[in-house]
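Me: I'm new to this one. Can you walk me through it?

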Amino acid sequence: MPHWVNDIQILSEVDKTPTETIKISDDTHTGKGRKLYIESYGCQMNFSDSEIVTSIMHNHGYDTTSNYHDADVVFLNTCSIRENAEQKVRKRLSEINLSKKNKPSLVVGVLGCMAERLKAKLLEEEKIVDMVVGPDAYRDLGTLMQEVDEGHKAVNVFLSKEETYADIAPVRLHTNGVTAYISIMRGCDNMCSFCVVPYTRGRERSRDIQSIVNEAKDLFAQGYREVTLLGQNVDSYKYNDDGNVLNFAHLLERVALIHPDLRVRFSTSHPKDMTDDVLYTMSKYENICKYVHLPVQSGSTRILELMNRTYTREWYIGRIDAIRNILGEDCGISTDTISGFCTETDEDHADTLSIMKYAKFDYAYMFTYSERPNTPAAKKLKDDVPDNIKKKRLNEIIQLQGQLSRERNQQDLGNTYKVLIEGYSKKSDDYLQGRNSQNKVIVFPKMHYKKGEYVHVFVEKCTQATLLGHVIN
Ligand code: SAH
Ligand code: SF4
Ligand code: F3S
């Protein structure tokens, strides 16, 4: 499933994981530690990083708590992707400021992308913050905590060319015990003109293949049945294994071979880099899910060029055709769109609508353009599409996507899908829910089935976001 926090998104009724939500830490009790409470904002990578942070903090003797009021230390793992993502964090800091009055010893740390973007400036702007830690500096948390304990403010926003935290075993937070995320790379070397990620996450680097495979094996042994391999651009995964250069298709194969009952997903694919090789590897293994998240951003070649996405409308259409040819019509495809990028005309917008119709996306994460300081677009282009036009175009995109999602779901009626059960349906404990290979959420009566099991579900009904059915033998 895609993992970005959205301004507005089509969410399934039952699977809210792609998340507007904010994730908080679970409880762990060693009985000895000070208590850490973490809130994670932004993309799945950030959530995955919070699991690494928790692991590092455990090693320094901190327990985690899901109750903010119990905490001695509060970390906000932040996102900078759009302005409203940062506003959310500022609002949260002011709430924390109020409660700190009752607990003056509370330590407040800002981690992640906003920490990296604003650096020490954040200490001046938000007086309540004791500690600013960028995404590559988490190994230093012990020392930084010590500095704070000694009465200083602490900052480490050093970006590394090597850090992948390959040797750190993440402490799984909010886990359903069935599905887990594995970071396979960090950073991004693309320079999409609108995007802050290359500045907040640094250079792209791939993680040691063996450490990824080991983590997946470990998860399988613990009972997990699905892993999602995470990177900003998974198709550029590259690892030099003793002179043998391994790409993403190799990695996918290695993980798929761990066990036929371990499902493999991945996100995000970049249209310029997604190879037929990857698609053929997907088709070769039943347990690699037939689902691709392929952000289009815009359907207009002129806008794509200004965005520096380095592909054209025709190229993107060619990639959609390749997915449909190699993996079949029913392969799940989702996307991200940005409305109202600099100079976007009604005609460019119409190109986005038409490419959506062509691709028949199953769903989409749809945004309006938010200018980010110091990005190439902010430096060179004028954010000249008025807000009301941005919103009007976004609404048209949302409406069209709603229709496409419904149509795609209706095509599934009468089909039977293999579903990995993830837990109870959000609406009732008499129903279970899981996803099919194409990443669609399917709800069905519980009977004697349990989470972590595979079942075959015959689909009888659907909404825009969910399929409903019953298990058949
Ligand atoms: N690495 C992924 C996306 C990372 S950010 C990729 O290349 O596709 C997730 C999504 O946020 C992007 O796909 C884009 O649609 C959106 N986004 C990024 N920067 C944005 C901005 N400045 N304004 C609005 N949306 C943005
Ligand atoms: Fe941002 Fe582009 Fe990198 Fe995605 S590929 S993280 S949009 S710069
Ligand atoms: Fe993710 Fe937001 Fe950073 S989307 S990479 S947490 S800017």
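Me: Which elements each supply at least two residues of the lining of the largest cavity?
Reply: Helix 6 (197-201), strand 17 and strand 18 do. Keep in mind that this is a predicted model.

Me: And where does the largest share of that lining come from?
Reply: From helix 6, which gives 4 residues.

Me: What volume does the largest cavity have?
Reply: About 630 Å³. In total, 36 residues line the largest cavity. Closest to its centre are Ile81, Phe194, Cys195, Val197 and Gln232.

Me: How does the lining split by class?
Reply: The lining of the largest cavity has 19 nonpolar, 12 polar and 5 charged residues.

Me: How many cavities are there in the whole structure?
Reply: A search finds 5 cavities of 30 Å³ or more.

Me: OK, ligands now. Where is ligand 1?
Reply: Ligand 1 takes up the space that is the largest cavity. Two elements give two or more residues to the shell around ligand 1: strand 17 (332-339) and strand 18 (363-368).

Me: Which residues come nearest to ligand 1?
Reply: There are 16 residues around ligand 1. Gln232, Pro295, Gln297, Asp336 and Ser370 come nearest.

Me: What about the classes in that shell?
Reply: Around ligand 1 there are 7 nonpolar, 5 polar and 4 charged residues.

Me: Which polar side-chain atom lies 2.7 Å from an oxygen atom of ligand 1?
Reply: One that belongs to Gln297. Arg309 also has a side-chain N or O atom 3.2 Å from an oxygen atom of ligand 1. On the backbone side, a polar atom of Ser370 is 2.8 Å from a nitrogen atom of ligand 1.

Me: How much of ligand 1 does the protein cover?
Reply: The protein covers 96% of its accessible area. On its own, ligand 1 has 540 Å² of that area.

Me: Next, ligand 2. Where does it sit?
Reply: Ligand 2 sits in the largest cavity.

Me: Which residues surround ligand 2?
Reply: Three cysteines are in the list: Cys188, Cys192 and Cys195. The others are Asn190, Phe194, Val197, Pro198, Gln232, His270 and Arg309. By class, the shell around ligand 2 has 6 nonpolar, 3 polar and 1 charged residues.

Me: I've seen Gln232 and Arg309 already. Where?
Reply: Both came up with ligand 1. Gln232 is among the residues that come nearest to ligand 1. Arg309 has the side-chain atom 3.2 Å from an oxygen atom of ligand 1.

Me: And ligand 3, where does that sit?
Reply: Ligand 3 sits in the largest cavity as well.

Me: Which residues come nearest to ligand 3?
Reply: Of 11 residues around ligand 3, the nearest are Cys43, Cys79, Ser80, Cys113 and Gln232. The shell around ligand 3 divides into 6 nonpolar, 4 polar and 1 charged.

Me: Change of topic: the backbone. Which residues does a cis peptide bond join?
Reply: Ser267 and Thr268. Omega there is about 10 degrees.

Me: Where is Thr268 found?
Reply: In the loop between strand 15 (263-267) and helix 9 (276-284).

Me: Which residue has a positive phi although it is not a glycine?
Reply: Asn308 has one, with phi of about 60 degrees.

Me: And where is the place of Asn308?
Reply: Asn308 is in the loop between helix 10 (301-306) and helix 11 (313-327).

Methods: Residues are numbered from 1 along each chain as its sequence is written. Chains are lettered from A and ligands numbered from 1 in the order in which they are written. This is a predicted model: local features need pLDDT of at least 70, side-chain atom pairs count only at pLDDT 80 or more; totals for chains, interfaces and linings use all residues. Side-chain values use heavy atoms; hydrogens and water are left out. A residue is near a molecule or strand if one of its heavy atoms lies within 4 Å of it. A polar contact is a pair of N or O atoms within 3.5 Å; within protein, one must be able to donate a hydrogen and the other to accept it, and residues adjacent in sequence count only if both atoms are side-chain atoms. Accessible areas come from the Shrake-Rupley method with a 1.4 Å probe; for residues, only the protein chains shown count as cover. On a 1 Å grid over the protein atoms alone, a cavity is a set of points where a 1.4 Å probe fits but cannot get out, and a pocket is an open set with protein on both sides within 12 Å along at least five of seven lines; lining residues have an atom within 4 Å of a point. A molecule sits in a cavity or pocket if more than half of its atoms lie within 2 Å of its grid points. Ala, Val, Leu, Ile, Met, Phe, Trp, Tyr, Cys and Pro count as nonpolar, Asp, Glu, Lys and Arg as charged, and the others, Gly among them, as polar. Grid points are joined across faces, edges and corners, and a volume is the space filled by probe spheres set on the points.
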